[in-house]
Amino acid sequence: MNNAGRGKKAAGSGEVVAAMRREQQARQAGYREQAIKLFPPVCGRCTREFEGRKLRELTVHHIDHNHDNNPADGSNWELLCLYCHDHEHSRGVQQDRDKESPSTAAGRPSLRHSPFAALAELTGDSN
Ligand SMILES: [Zn+2]
Ligand SMILES: [Zn+2]
């Protein structure tokens, strides 16, 4: 008897989470579909064209980074391929860091701290 009660409770909370996930996925699928209908299937950065199965690589970027801001006219959406989308977000992080410490932010990476030098050190160590 007690087992039945416990089982019911666990299933209930799991269902809520599943429903929330489904709703989120449906919402994302919804604005993606709308954006793809509104805009030509072209990446806004590298201008590559996507069609057929490749269309999956085209994602919807939110210009103000607010995923809940989905105006029907598409004014907050930009179609970006997976690579450019990734780049767009890492660029935003970089800008935020620069804002925090403008005096220490270097315009270009230092040659002395090259990632390749570190890599060479690492591989030399393991051998
Ligand atoms: Zn692109
Ligand atoms: Zn984005």
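**Exercise 1. Classify T59 as buried, partly exposed or exposed, and describe its surroundings.**

Step 1. T59 has 17 other C-beta atoms within 10 Å, and therefore T59 counts as partly exposed. The classes are buried for 20 or more other C-beta atoms within 10 Å of the residue's own, exposed for 12 or fewer, and partly exposed in between, with C-beta atoms placed from the backbone.

Step 2. This is a predicted model, in which local features need pLDDT of at least 70, side-chain atom pairs count only at pLDDT 80 or more, and totals for chains, interfaces and linings use all residues. Residues are numbered from 1 along each chain as its sequence is written, while chains are lettered from A and ligands numbered from 1 in the order in which they are written.

Step 3. T59 lies in strand β1; strands (E, at least two residues) and helices (H or I, at least four) are DSSP runs numbered from the N terminus.

Step 4. Beyond four places in sequence, T59 contacts L80, L82 and H85, a contact being two C-beta atoms, placed from the backbone, within 7 Å.

**Exercise 2. Identify the residues of the largest nonpolar core and the strands that supply them.**

Step 1. The nine residues are A35, C43, L58, V60, W77, L79, L80, C81 and C84. Such a core joins buried Ala, Val, Leu, Ile, Met, Phe, Trp, Tyr and Cys residues through C-beta atoms within 7 Å.

Step 2. Strands β1 (58–62) and β2 (77–81) each supply at least two of the core residues, and the largest share, four residues, comes from β2.
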